[in-house]
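Here is the note on this structure that a newcomer might want to keep at hand while looking through the model. The points are meant to be followed with the sequence and the 3D view open side by side.

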Amino acid sequence: MSDFVTHLRTLVDAESPSADPAAVTAAQDVLDELGSQLLGVRPVRHRDVLSLEWRLGDPDDDRRVLLLGHLDTVWPLGTLARRPLDVADGRVTGPGIFDMKAGVVVGLHVLAELGKEVPVSLLVTGDEEIGSVTSRSLIERAAHGSQACLVLEGARPDGAVKSARRGWSFYTVEFHGVAAHAGLEPDNGVNVLPALADAVVQVGRIRAEFPGATLNPTTARAGTTSNTIPDHGAVTVDVRCSTADQQRAVDDAMRQLVDGLAGDVRVDLHGGANRPPMQAGADHGLVDRLRSTQRRLGFGESGDVSVGGISDANLTAAIGVPTLDGLGAVGGGPHAEHEWIDLVRTRERVPTLAALVRDLLDNPLPTRDMAEDT
């Protein structure tokens, strides 16, 4: 247990905000060294996409299992100075501990327990929190070469894993008008605010048309000074959908919304679908395999839930690879100041996942047809 905490501290101390590629690269240097010491094997560094990958065992073994995680966090440099890693009463707190540095440590320890000859991979990316734009193709390639993908994001506080996730789209609606003095020449201006306000109302109407989907305006900005007609504005919209058909229909509605905003203001729409939904059944029996493994080891069985948040599990499930998420830390508070993990239950993930991988190698999942990449 002490080694596990030491390794946690090593990674948490390596701050890695997604928006700072140099910091992420430096943190991956730390992970490279830590993993190499623990496993006796250097990872492949994919520096162009801020990712590193341990690929053990026979490279041609089609029973391979992929463990998937990310090292980037939402916390800016300097967070550690006011909120360092702390261990108290079986809980560990610190920036990025739950999402998801503890999951990366779990992955390293699983590989160490399995040994170098077992066909298992650990892929750790560096841009998950900002959409996996650069790492997506690498993730999909690694998943295509594996019979299953076990994602090391955090579980629910009760240990429940994540067998389904909504899809994620995000948009920026941008407004262009004409500035003018609000007192002297207001009629010479074109004010973007009425169009922006109308767009927010219309987003609410779209949401009402699609039960099970959420559309939330999340930021809005317009104007420069209180005595100037605002000539530019923007509103961002976060969208979560339960099915791929719903995601496409909402996208059509958002584009029609922009086309329907009348007046002299020019309106542009940026964005679209980022992650397809991970729909129920994407685990292809992995939940049952996990519970059987837990019973055999004498651990409590995990429940499974569908959640609104997204992860790289959405990407691997969408191409038809059996995927189960929430197999990393047990805890809570993702993206929150009180982020925490249960040390004992998180440490139990190591023998559990090692045993699950062995079971998959001894009894591979049925061959499946890959879905079209969405």
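**Notes on the fold**

1. Histidine 70 has threonine 125 in S6 as its bridge partner. The strands S3 and S6 pair in the parallel sense over 6 bridges, where two strands are said to pair if DSSP finds at least two bridges between them. Helices (H or I, at least four residues) and strands (E, at least two) are DSSP runs, numbered from the N terminus.

2. On the basis of the note: this is a predicted model, in which local features need pLDDT of at least 70 and side-chain atom pairs count only at pLDDT 80 or more, while totals for chains, interfaces and linings use all residues. Residues are numbered from 1 along each chain as its sequence is written, and side-chain values use heavy atoms, with hydrogens and water left out.

3. As for the chain as a whole, its secondary structure comes to 10 helices and 16 strands, and the C-alpha trace spans about 75 × 45 × 35 Å along its principal axes. For 374 residues a compact globule would have a radius of gyration near 21 Å, and the 23 Å of the chain agrees with this; the radius is taken over C-alpha atoms, and the globule rule is 2.2 Å times the number of residues to the power 0.38. Buried residues make up 55% of the 374 residues, buried meaning under 20% relative accessible area, exposed over 50% and partly exposed in between (1.4 Å probe, protein chains only). Among contacts (heavy atoms within 4.5 Å) between residues at least 6 apart in sequence, 79% join residues at least 24 apart.

4. The sheet that contains S3 and S6 is an open one of 6 strands in the order S1-S2-S6-S3-S7-S14, with mixed pairing. Its edge strands are S1 (44-46) and S14 (323-324), each of which pairs on one side only. As a general matter, strands of a sheet pair through backbone hydrogen bonds, either parallel or antiparallel.

5. Going along this sheet from S1, the strands S1 and S2 pair in the antiparallel sense over 3 bridges, with valine 44 and glutamate 53 in S2 as bridge partners. S1 and S2 form a hairpin with 4 residues between them, and leucine 50 in the turn has a positive phi of about 50°. S2 is in turn joined to S6 by 4 bridges, the two running antiparallel; here tryptophan 54 stands opposite leucine 122, and arginine 55 stands opposite serine 121.

6. How are the residues of S6 placed, buried or exposed? S6 is mostly covered, with 6 of its 6 residues buried: Val120, Leu122 and Val124 point one way, whereas Ser121, Leu123 and Thr125 point the other way. S2 is also mostly covered, with 4 of its 5 residues buried.

7. On the other side of the pairing, S3 (residues 65-70) and S7 (residues 148-151) run parallel and are joined by 4 bridges, leucine 66 having cysteine 149 in S7 as its bridge partner. Cysteine 149 counts as buried because its relative accessibility is 0%, and cysteine 241 counts as buried because its value is 1%. The structure holds 0 disulfides (a disulfide being a pair of cysteine sulfur atoms within 2.5 Å).

8. Two helices may be viewed together with this sheet. Helix H2 (residues 21-39) lies across S1, S2 (51-55) and S6 (120-125), running at about 15° to S2; axes are lines fitted to C-alpha atoms, for helices over the stretch in contact, and angles run from 0 to 180 degrees between N-to-C directions. The buried residues of helix H5 (residues 136-144) are Leu138, Ile139, Glu140, Ala142 and Ala143, and they pack against S1, S2, S3, S6 and helix H9 (313-318).

9. The largest nonpolar core has 54 residues, and those with the most contacts inside it are Leu8, Leu31 and Leu150; such a core is a set of buried Ala, Val, Leu, Ile, Met, Phe, Trp, Tyr and Cys residues joined through side-chain atoms within 4.5 Å. Helix H4 (residues 97-114) gives the most to this core, with 11 residues. Apart from this core lies another, of 26 residues, among them Ala199, Val237, Ala253 and Leu261.
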